[in-house]
Amino acid sequence: MRFCIHRGAKEIGGNCVEIESQGKRLVLDIGLPLDAELEDTPLPSIKGLAEADPSLLGIVISHPHQDHYGLAHKVRAEVPILIGPAAQRILEVASIFTPGGISFQNIIPLQDRAPIAIGPFTITPYLMDHSAYDSYAVLVEAEGNRLFYSGDFRAHGRKGKLFRKLLRDPPKGVDVLLMEGTNLGREDAQAIQSEDDLEKEFIRHFKAAKGLVLVYASGQNIDRLVTIFRACLRTGKQFIVDMYTAAVLEATGNANIPQHGFKNLRVYLPSRQKWKIIETRSFDLAKRHRSCRIFPEELADEALRSVMLFRPSMRGELAKAKCLADATLIYSLWRGYLDRQDGQRLQEWLMQQGIILVQCHTSGHAAVKELKKLGDAMSPKDTIVIHTAVPVLAAEQFGCSTPGSTEWVQVPKYRRVRAWARQSRNIGKRDSG
Ligand SMILES: [Zn+2]
(Lines give C-alpha, C1' and ligand atoms only; values in the text may rest on other atoms or scores of the structure.)
Protein backbone atom coordinates (compact mmCIF):
# COMPACT_ATOMS: atom_id res chain seq x y z
CA MET A 1 0.00 0.00 0.00
CA ARG A 2 1.26 3.48 -0.80
CA PHE A 3 -0.21 6.97 -0.66
CA CYS A 4 0.24 10.44 -2.13
CA ILE A 5 -1.00 13.65 -0.48
CA HIS A 6 -2.03 15.65 -3.55
CA ARG A 7 -3.34 18.65 -1.61
CA GLY A 8 -3.85 19.88 1.92
CA ALA A 9 -0.46 18.76 3.23
CA LYS A 10 0.98 22.21 3.70
CA GLU A 11 -2.15 24.34 3.88
CA ILE A 12 -5.37 24.39 5.85
CA GLY A 13 -8.01 22.80 3.66
CA GLY A 14 -8.22 21.38 0.15
CA ASN A 15 -7.47 17.88 1.44
CA CYS A 16 -6.91 15.13 -1.12
CA VAL A 17 -5.02 11.90 -0.46
CA GLU A 18 -4.77 9.03 -2.97
CA ILE A 19 -4.09 5.49 -1.72
CA GLU A 20 -3.03 2.63 -3.95
CA SER A 21 -2.86 -1.10 -3.39
CA GLN A 22 -2.50 -3.84 -6.03
CA GLY A 23 -3.30 -1.42 -8.84
CA LYS A 24 -6.57 -0.24 -7.22
CA ARG A 25 -7.04 3.22 -5.77
CA LEU A 26 -9.07 5.13 -3.22
CA VAL A 27 -9.24 8.88 -2.65
CA LEU A 28 -9.66 10.42 0.81
CA ASP A 29 -11.45 13.77 0.46
CA ILE A 30 -11.63 15.97 -2.62
CA GLY A 31 -11.48 19.42 -1.03
CA LEU A 32 -11.61 22.85 -2.55
CA PRO A 33 -8.75 24.85 -1.00
CA LEU A 34 -9.94 27.67 1.27
CA ASP A 35 -10.08 31.00 -0.62
CA ALA A 36 -10.03 29.18 -3.98
CA GLU A 37 -12.78 29.49 -6.59
CA LEU A 38 -14.27 26.28 -7.97
CA GLU A 39 -14.00 27.45 -11.62
CA ASP A 40 -10.30 28.29 -11.26
CA THR A 41 -9.26 25.15 -9.39
CA PRO A 42 -8.42 22.04 -11.40
CA LEU A 43 -8.94 18.53 -10.05
CA PRO A 44 -5.78 16.93 -8.64
CA SER A 45 -4.11 14.72 -11.24
CA ILE A 46 -5.76 11.45 -10.23
CA LYS A 47 -6.94 9.02 -12.89
CA GLY A 48 -10.66 8.29 -12.86
CA LEU A 49 -11.92 11.57 -11.40
CA ALA A 50 -12.74 13.21 -14.73
CA GLU A 51 -12.53 10.23 -17.12
CA ALA A 52 -13.60 6.60 -16.65
CA ASP A 53 -10.97 4.43 -14.97
CA PRO A 54 -12.12 1.27 -13.14
CA SER A 55 -9.04 1.23 -10.92
CA LEU A 56 -10.50 4.17 -8.96
CA LEU A 57 -12.83 2.46 -6.47
CA GLY A 58 -14.28 5.48 -4.69
CA ILE A 59 -13.86 8.74 -2.83
CA VAL A 60 -14.26 8.94 0.93
CA ILE A 61 -15.69 12.29 2.01
CA SER A 62 -14.80 12.60 5.67
CA HIS A 63 -17.28 15.42 6.39
CA PRO A 64 -19.45 18.05 4.70
CA HIS A 65 -17.02 21.00 4.70
CA GLN A 66 -16.11 22.45 1.30
CA ASP A 67 -12.39 22.18 1.95
CA HIS A 68 -12.98 18.40 2.08
CA TYR A 69 -15.59 17.83 -0.69
CA GLY A 70 -15.74 21.05 -2.78
CA LEU A 71 -14.06 19.66 -5.91
CA ALA A 72 -16.54 16.76 -6.04
CA HIS A 73 -18.59 19.08 -8.27
CA LYS A 74 -16.06 18.32 -11.03
CA VAL A 75 -15.89 14.55 -10.50
CA ARG A 76 -17.77 12.06 -12.74
CA ALA A 77 -21.16 11.26 -11.20
CA GLU A 78 -20.48 7.48 -11.50
CA VAL A 79 -17.57 7.47 -9.02
CA PRO A 80 -18.77 5.90 -5.72
CA ILE A 81 -18.85 8.39 -2.85
CA LEU A 82 -18.36 7.05 0.67
CA ILE A 83 -19.96 9.56 3.04
CA GLY A 84 -22.01 9.66 6.26
CA PRO A 85 -25.76 9.44 5.50
CA ALA A 86 -26.64 12.60 7.43
CA ALA A 87 -23.73 14.48 5.83
CA GLN A 88 -25.04 13.42 2.41
CA ARG A 89 -28.58 14.61 3.23
CA ILE A 90 -27.25 17.95 4.53
CA LEU A 91 -25.31 18.57 1.30
CA GLU A 92 -28.33 17.51 -0.76
CA VAL A 93 -30.71 19.94 0.97
CA ALA A 94 -28.06 22.68 0.92
CA SER A 95 -27.99 22.40 -2.88
CA ILE A 96 -31.44 24.05 -2.97
CA PHE A 97 -30.03 27.20 -1.39
CA THR A 98 -26.32 27.42 -2.23
CA PRO A 99 -24.02 26.42 -5.09
CA GLY A 100 -21.82 24.82 -2.39
CA GLY A 101 -24.43 22.09 -1.80
CA ILE A 102 -24.24 18.93 -3.88
CA SER A 103 -26.30 15.89 -4.74
CA PHE A 104 -24.36 12.60 -5.11
CA GLN A 105 -25.53 9.78 -7.40
CA ASN A 106 -23.58 6.74 -6.29
CA ILE A 107 -23.37 6.58 -2.48
CA ILE A 108 -21.81 4.07 -0.06
CA PRO A 109 -22.88 5.16 3.46
CA LEU A 110 -20.31 5.33 6.26
CA GLN A 111 -21.32 4.04 9.65
CA ASP A 112 -19.37 4.33 12.90
CA ARG A 113 -16.93 1.40 13.23
CA ALA A 114 -18.67 -0.70 10.54
CA PRO A 115 -15.94 -1.95 8.14
CA ILE A 116 -16.53 -1.68 4.39
CA ALA A 117 -14.65 -3.99 2.00
CA ILE A 118 -13.91 -2.39 -1.34
CA GLY A 119 -11.40 -4.06 -3.69
CA PRO A 120 -8.18 -4.77 -1.75
CA PHE A 121 -9.12 -2.17 0.91
CA THR A 122 -11.04 -2.42 4.17
CA ILE A 123 -12.27 0.95 5.36
CA THR A 124 -13.42 1.41 8.96
CA PRO A 125 -15.04 4.79 9.71
CA TYR A 126 -14.78 6.38 13.17
CA LEU A 127 -17.40 9.01 14.01
CA MET A 128 -15.60 12.13 15.27
CA ASP A 129 -16.36 15.34 17.16
CA HIS A 130 -16.08 18.24 14.69
CA SER A 131 -17.97 21.42 13.79
CA ALA A 132 -19.41 19.65 10.74
CA TYR A 133 -22.14 17.10 11.44
CA ASP A 134 -21.53 13.40 10.72
CA SER A 135 -17.73 13.65 10.47
CA TYR A 136 -15.51 10.60 10.23
CA ALA A 137 -11.92 9.53 10.52
CA VAL A 138 -11.11 6.38 8.54
CA LEU A 139 -8.82 3.43 9.04
CA VAL A 140 -7.69 2.07 5.66
CA GLU A 141 -6.22 -1.43 5.60
CA ALA A 142 -4.63 -3.28 2.68
CA GLU A 143 -1.87 -5.87 2.32
CA GLY A 144 -1.68 -6.12 6.12
CA ASN A 145 -0.82 -2.42 6.43
CA ARG A 146 -2.86 0.24 8.21
CA LEU A 147 -3.26 3.95 7.59
CA PHE A 148 -5.45 6.12 9.82
CA TYR A 149 -6.75 9.38 8.36
CA SER A 150 -8.15 11.64 11.08
CA GLY A 151 -10.22 13.98 8.88
CA ASP A 152 -10.99 17.12 10.94
CA PHE A 153 -11.73 16.65 14.61
CA ARG A 154 -11.79 18.23 18.04
CA ALA A 155 -12.40 17.16 21.62
CA HIS A 156 -14.20 20.22 23.00
CA GLY A 157 -17.46 20.08 21.02
CA ARG A 158 -20.80 18.54 21.95
CA LYS A 159 -19.54 15.08 20.95
CA GLY A 160 -16.21 15.17 22.81
CA LYS A 161 -16.92 11.72 24.20
CA LEU A 162 -16.30 10.30 20.70
CA PHE A 163 -12.72 11.53 20.92
CA ARG A 164 -12.28 10.09 24.41
CA LYS A 165 -13.70 6.76 23.16
CA LEU A 166 -11.10 6.74 20.36
CA LEU A 167 -8.32 7.41 22.89
CA ARG A 168 -9.55 4.53 25.06
CA ASP A 169 -9.96 2.13 22.17
CA PRO A 170 -7.82 3.16 19.21
CA PRO A 171 -7.18 0.89 16.22
CA LYS A 172 -4.09 -1.22 16.87
CA GLY A 173 -0.99 -1.57 14.75
CA VAL A 174 -1.39 1.66 12.76
CA ASP A 175 1.56 2.20 10.43
CA VAL A 176 0.80 5.76 9.33
CA LEU A 177 -1.32 8.39 11.04
CA LEU A 178 -2.37 11.26 8.77
CA MET A 179 -3.60 13.80 11.30
CA GLU A 180 -5.08 17.29 10.93
CA GLY A 181 -3.10 20.09 12.60
CA THR A 182 -5.17 23.25 11.99
CA ASN A 183 -4.42 24.76 15.40
CA LEU A 184 -0.65 24.25 15.27
CA GLY A 185 1.00 27.67 15.49
CA ARG A 186 -2.23 29.57 16.16
CA GLU A 187 -1.67 31.77 19.21
CA ASP A 188 -5.11 31.25 20.68
CA ALA A 189 -4.99 27.46 20.33
CA GLN A 190 -4.00 26.92 23.95
CA ALA A 191 -7.12 28.58 25.34
CA ILE A 192 -9.83 26.85 23.35
CA GLN A 193 -13.28 27.10 24.92
CA SER A 194 -15.73 24.22 24.89
CA GLU A 195 -19.26 24.49 23.48
CA ASP A 196 -20.45 24.35 27.11
CA ASP A 197 -18.29 27.42 27.92
CA LEU A 198 -19.81 29.17 24.91
CA GLU A 199 -23.31 28.33 26.05
CA LYS A 200 -22.65 30.27 29.27
CA GLU A 201 -21.32 33.21 27.24
CA PHE A 202 -24.39 33.23 24.98
CA ILE A 203 -26.60 33.20 28.08
CA ARG A 204 -24.73 36.23 29.43
CA HIS A 205 -25.15 38.11 26.13
CA PHE A 206 -28.82 37.16 25.77
CA LYS A 207 -29.55 38.39 29.29
CA ALA A 208 -27.76 41.69 28.66
CA ALA A 209 -29.51 42.35 25.33
CA LYS A 210 -31.91 45.30 25.12
CA GLY A 211 -33.32 44.39 21.73
CA LEU A 212 -33.17 41.70 19.04
CA VAL A 213 -30.13 39.41 19.24
CA LEU A 214 -28.74 38.48 15.83
CA VAL A 215 -26.29 35.58 15.72
CA TYR A 216 -24.06 35.19 12.69
CA ALA A 217 -23.16 31.48 12.69
CA SER A 218 -22.95 28.75 10.07
CA GLY A 219 -26.27 27.02 9.34
CA GLN A 220 -24.34 23.76 9.12
CA ASN A 221 -22.54 24.06 12.46
CA ILE A 222 -25.07 21.89 14.29
CA ASP A 223 -23.12 21.92 17.57
CA ARG A 224 -23.25 25.72 17.60
CA LEU A 225 -26.96 25.81 16.76
CA VAL A 226 -27.60 23.44 19.68
CA THR A 227 -25.49 25.70 21.94
CA ILE A 228 -27.53 28.75 20.89
CA PHE A 229 -30.84 26.91 21.28
CA ARG A 230 -29.91 25.73 24.77
CA ALA A 231 -28.96 29.30 25.73
CA CYS A 232 -32.34 30.45 24.37
CA LEU A 233 -34.17 27.90 26.54
CA ARG A 234 -32.29 29.11 29.61
CA THR A 235 -33.13 32.77 28.97
CA GLY A 236 -36.74 32.39 27.80
CA LYS A 237 -35.95 33.46 24.22
CA GLN A 238 -37.26 31.99 20.99
CA PHE A 239 -34.71 30.96 18.37
CA ILE A 240 -35.50 32.11 14.83
CA VAL A 241 -33.62 30.23 12.12
CA ASP A 242 -33.75 30.82 8.37
CA MET A 243 -35.36 28.16 6.21
CA TYR A 244 -32.04 26.85 4.87
CA THR A 245 -30.92 26.19 8.44
CA ALA A 246 -34.29 24.64 9.31
CA ALA A 247 -33.84 22.26 6.35
CA VAL A 248 -30.29 21.36 7.47
CA LEU A 249 -31.47 20.68 11.04
CA GLU A 250 -34.16 18.40 9.66
CA ALA A 251 -31.63 16.64 7.38
CA THR A 252 -29.60 15.48 10.40
CA GLY A 253 -32.38 12.90 10.93
CA ASN A 254 -31.66 13.21 14.67
CA ALA A 255 -34.77 13.86 16.76
CA ASN A 256 -32.64 15.30 19.60
CA ILE A 257 -31.44 18.19 17.43
CA PRO A 258 -33.70 21.28 17.70
CA GLN A 259 -35.86 21.51 14.59
CA HIS A 260 -39.32 22.12 13.24
CA GLY A 261 -41.87 21.25 15.91
CA PHE A 262 -39.66 22.21 18.86
CA LYS A 263 -41.24 24.80 21.14
CA ASN A 264 -39.29 28.08 20.96
CA LEU A 265 -38.03 27.41 17.41
CA ARG A 266 -39.41 29.60 14.62
CA VAL A 267 -38.54 29.70 10.94
CA TYR A 268 -37.98 32.87 8.93
CA LEU A 269 -37.84 32.82 5.14
CA PRO A 270 -35.44 35.51 3.90
CA SER A 271 -36.31 36.86 0.46
CA ARG A 272 -33.18 35.40 -1.15
CA GLN A 273 -34.13 31.93 0.10
CA LYS A 274 -37.72 32.46 -1.04
CA TRP A 275 -36.42 32.89 -4.61
CA LYS A 276 -34.32 29.72 -4.32
CA ILE A 277 -37.41 27.77 -3.25
CA ILE A 278 -39.36 29.12 -6.23
CA GLU A 279 -36.46 28.47 -8.64
CA THR A 280 -36.03 24.85 -7.51
CA ARG A 281 -39.77 24.32 -6.97
CA SER A 282 -39.06 23.09 -3.40
CA PHE A 283 -42.56 24.03 -2.23
CA ASP A 284 -42.88 20.91 -0.04
CA LEU A 285 -40.03 22.17 2.09
CA ALA A 286 -41.72 25.54 2.65
CA LYS A 287 -45.00 23.79 3.37
CA ARG A 288 -43.44 21.54 6.03
CA HIS A 289 -42.21 24.57 7.98
CA ARG A 290 -45.32 26.70 7.52
CA SER A 291 -46.73 26.15 11.03
CA CYS A 292 -43.68 27.65 12.78
CA ARG A 293 -43.02 30.51 10.37
CA ILE A 294 -42.42 34.06 11.58
CA PHE A 295 -43.02 36.89 9.10
CA PRO A 296 -41.19 40.22 8.65
CA GLU A 297 -44.12 42.23 10.00
CA GLU A 298 -43.95 40.32 13.32
CA LEU A 299 -40.21 40.86 13.92
CA ALA A 300 -40.37 44.31 15.56
CA ASP A 301 -42.91 43.18 18.16
CA GLU A 302 -41.05 39.93 18.85
CA ALA A 303 -37.54 41.49 18.90
CA LEU A 304 -36.95 41.57 22.65
CA ARG A 305 -37.80 37.89 23.12
CA SER A 306 -35.96 36.66 20.03
CA VAL A 307 -32.55 35.40 19.00
CA MET A 308 -32.30 35.32 15.22
CA LEU A 309 -29.78 33.58 13.00
CA PHE A 310 -28.32 36.22 10.72
CA ARG A 311 -27.03 36.24 7.13
CA PRO A 312 -25.53 39.42 5.60
CA SER A 313 -28.00 39.06 2.70
CA MET A 314 -30.81 39.79 5.22
CA ARG A 315 -29.53 43.30 6.08
CA GLY A 316 -31.96 45.21 3.87
CA GLU A 317 -35.09 43.33 4.84
CA LEU A 318 -34.30 43.47 8.58
CA ALA A 319 -33.80 47.24 8.41
CA LYS A 320 -37.08 47.49 6.51
CA ALA A 321 -38.85 45.41 9.19
CA LYS A 322 -37.76 48.04 11.77
CA CYS A 323 -36.69 45.38 14.27
CA LEU A 324 -33.12 46.56 14.83
CA ALA A 325 -33.53 49.17 17.60
CA ASP A 326 -30.97 48.36 20.36
CA ALA A 327 -30.03 45.14 18.54
CA THR A 328 -26.86 43.14 19.22
CA LEU A 329 -24.99 41.01 16.71
CA ILE A 330 -23.07 38.05 18.09
CA TYR A 331 -20.38 37.01 15.65
CA SER A 332 -19.98 33.24 15.95
CA LEU A 333 -17.53 32.46 13.14
CA TRP A 334 -13.73 32.54 12.89
CA ARG A 335 -12.77 36.14 13.71
CA GLY A 336 -10.29 36.33 10.81
CA TYR A 337 -13.25 36.68 8.40
CA LEU A 338 -14.06 40.07 9.95
CA ASP A 339 -10.82 41.52 8.53
CA ARG A 340 -11.78 40.55 4.98
CA GLN A 341 -13.72 42.85 2.67
CA ASP A 342 -17.13 41.29 3.48
CA GLY A 343 -16.36 41.49 7.19
CA GLN A 344 -15.41 45.17 6.89
CA ARG A 345 -18.64 45.90 5.03
CA LEU A 346 -20.64 44.12 7.70
CA GLN A 347 -18.96 46.16 10.44
CA GLU A 348 -19.73 49.42 8.60
CA TRP A 349 -23.41 48.43 8.35
CA LEU A 350 -23.53 47.55 12.06
CA MET A 351 -22.08 51.00 12.88
CA GLN A 352 -24.67 52.72 10.69
CA GLN A 353 -27.49 50.80 12.37
CA GLY A 354 -26.08 51.34 15.87
CA ILE A 355 -25.86 47.56 16.41
CA ILE A 356 -23.42 46.33 19.05
CA LEU A 357 -20.96 43.68 17.81
CA VAL A 358 -19.72 40.97 20.18
CA GLN A 359 -17.82 37.78 19.42
CA CYS A 360 -18.59 34.32 20.69
CA HIS A 361 -16.85 31.45 18.93
CA THR A 362 -14.65 28.44 19.44
CA SER A 363 -12.53 26.43 17.03
CA GLY A 364 -13.87 23.41 15.14
CA HIS A 365 -10.43 21.84 15.41
CA ALA A 366 -8.48 20.07 18.14
CA ALA A 367 -6.11 21.89 20.48
CA VAL A 368 -2.47 20.86 20.06
CA LYS A 369 -2.53 18.93 23.36
CA GLU A 370 -5.39 16.78 21.95
CA LEU A 371 -3.39 16.10 18.78
CA LYS A 372 -0.60 14.82 21.01
CA LYS A 373 -3.05 12.64 22.95
CA LEU A 374 -4.25 11.01 19.73
CA GLY A 375 -0.67 10.43 18.59
CA ASP A 376 0.21 8.86 21.96
CA ALA A 377 -2.90 6.66 22.09
CA MET A 378 -2.41 5.33 18.57
CA SER A 379 1.42 5.25 18.65
CA PRO A 380 1.77 4.76 14.90
CA LYS A 381 5.11 4.10 13.27
CA ASP A 382 4.81 7.38 11.40
CA THR A 383 2.74 10.53 11.99
CA ILE A 384 2.26 13.07 9.22
CA VAL A 385 0.43 16.24 10.14
CA ILE A 386 -1.66 17.68 7.30
CA HIS A 387 -4.26 20.49 7.14
CA THR A 388 -1.73 22.85 8.71
CA ALA A 389 -0.23 26.19 7.73
CA VAL A 390 3.02 25.37 9.55
CA PRO A 391 4.38 22.00 8.36
CA VAL A 392 7.80 22.90 9.83
CA LEU A 393 6.29 23.15 13.31
CA ALA A 394 4.38 19.92 12.69
CA ALA A 395 7.60 18.11 11.79
CA GLU A 396 9.27 19.53 14.90
CA GLN A 397 6.48 18.42 17.23
CA PHE A 398 5.52 15.10 15.64
CA GLY A 399 8.87 14.08 14.22
CA CYS A 400 7.91 13.51 10.62
CA SER A 401 8.34 15.75 7.62
CA THR A 402 5.51 16.23 5.11
CA PRO A 403 5.98 14.60 1.71
CA GLY A 404 5.70 16.73 -1.43
CA SER A 405 2.44 16.89 -3.39
CA THR A 406 3.58 14.43 -6.08
CA GLU A 407 5.55 12.14 -3.79
CA TRP A 408 4.34 8.56 -3.23
CA VAL A 409 5.05 7.15 0.22
CA GLN A 410 5.23 3.43 0.80
CA VAL A 411 3.42 2.01 3.87
CA PRO A 412 5.02 0.93 6.09
CA LYS A 413 7.99 3.10 5.30
CA TYR A 414 9.90 2.25 8.48
CA ARG A 415 9.43 -1.50 8.32
CA ARG A 416 10.96 -1.51 4.85
CA VAL A 417 13.86 0.62 6.07
CA ARG A 418 14.44 -1.70 9.04
CA ALA A 419 14.30 -4.77 6.81
CA TRP A 420 16.77 -3.16 4.49
CA ALA A 421 19.06 -2.24 7.42
CA ARG A 422 18.92 -5.83 8.72
CA GLN A 423 19.73 -7.15 5.29
CA SER A 424 22.71 -4.84 4.88
CA ARG A 425 24.01 -5.80 8.37
CA ASN A 426 23.81 -9.47 7.36
CA ILE A 427 25.62 -8.77 4.13
CA GLY A 428 28.29 -6.99 6.19
CA LYS A 429 28.62 -10.04 8.45
CA ARG A 430 28.92 -12.37 5.49
CA ASP A 431 31.51 -10.19 3.97
CA SER A 432 33.58 -9.94 7.11
CA GLY A 433 33.22 -13.68 7.79
ZN1 LIG B 1 -13.83 20.60 8.66
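Leaving aside its neighbours within four places in sequence, A286 is in contact with M243, L269 and I277, in what is, throughout, a predicted model. The residue A286 belongs to helix 8, which covers residues 283-288, and its contact with M243 links positions that are 43 residues apart in sequence while their C-alpha atoms are 7.7 Å apart in space. Because 18 C-beta neighbours lie inside 10 Å of A286, and a residue is called buried at 20 or more, A286 counts as partly exposed.

The contact partner M243 leads on to helix 6, which comprises residues 243-251, and from there to an open sheet of six strands, whose order is 14-13-15-12-16-17 and whose pairing is parallel. At the edges of this sheet stand strand 14 (265-268) and strand 17 (356-359), and each has a single partner strand, so one side of each is left without a neighbour in the sheet. Direction ignored, neighbouring strands here are turned by 25° against each other on average.

Within that sheet, strand 13 (residues 238-242) and strand 14 run parallel and are joined by four bridges. Two of the residue pairings can be followed by eye: V241 stands opposite V267 in strand 14, and D242 has Y268 of strand 14 as its bridge partner. Helix 6 packs on the sheet, where it touches strand 13, strand 14 and strand 15 (306-309), and the direction of helix 6 makes about 100° with that of strand 13. Taken together, strand 13, helix 6 and strand 14 make a right-handed β-α-β unit.

A further helix to consider is helix 11, which runs over residues 341-353; its 13 residues reach 19 Å from the first C-alpha to the last, close to the 18 Å expected at 1.5 Å a residue. Of those 13 residues the number buried is one, so helix 11 lies largely in the open. Just after helix 11, the backbone at G354 takes a positive phi of about 70°.

The domain assignment of the protein gives domain 1 as 2-187 + 364-425 and domain 2 as 193-359. The C-alpha centres of domain 1 and domain 2 lie 32 Å apart, and the contact takes 14 residues from domain 1 and 17 residues from domain 2.

Another open sheet remains to be described, and it is formed by six strands in the order 7-8-9-10-11-18, with mixed pairing. Its edge strands are strand 7 (116-118) and strand 18 (382-386), each of which pairs on one side only. The average turn of neighbouring strands against each other in this sheet is 20°, direction ignored.

Strand 10 (residues 145-149) and strand 11 (residues 176-180) run parallel in this sheet and are joined by three bridges, and F148 stands opposite L177 in strand 11. Helix 12, made up of residues 368-378, packs on the sheet and touches strand 10, strand 11 and strand 18, while its direction makes about 165° with that of strand 11.

Key:
Residues numbered from 1 in each chain as written. Predicted model: local features only at pLDDT ≥ 70, side-chain atom pairs only at ≥ 80, totals over all residues. Pairing = 2+ DSSP bridges. Axes fitted to C-alpha atoms, helices over the stretch in contact; angles between N-to-C directions. Contact = placed C-beta atoms within 7 Å. Expected span 1.5 Å × (residues − 1). Buried ≥ 20, exposed ≤ 12 C-beta atoms within 10 Å, placed from the backbone. Right-handed = clockwise from strand over helix to strand, strands pointing away. Domains from an automatic or database assignment.
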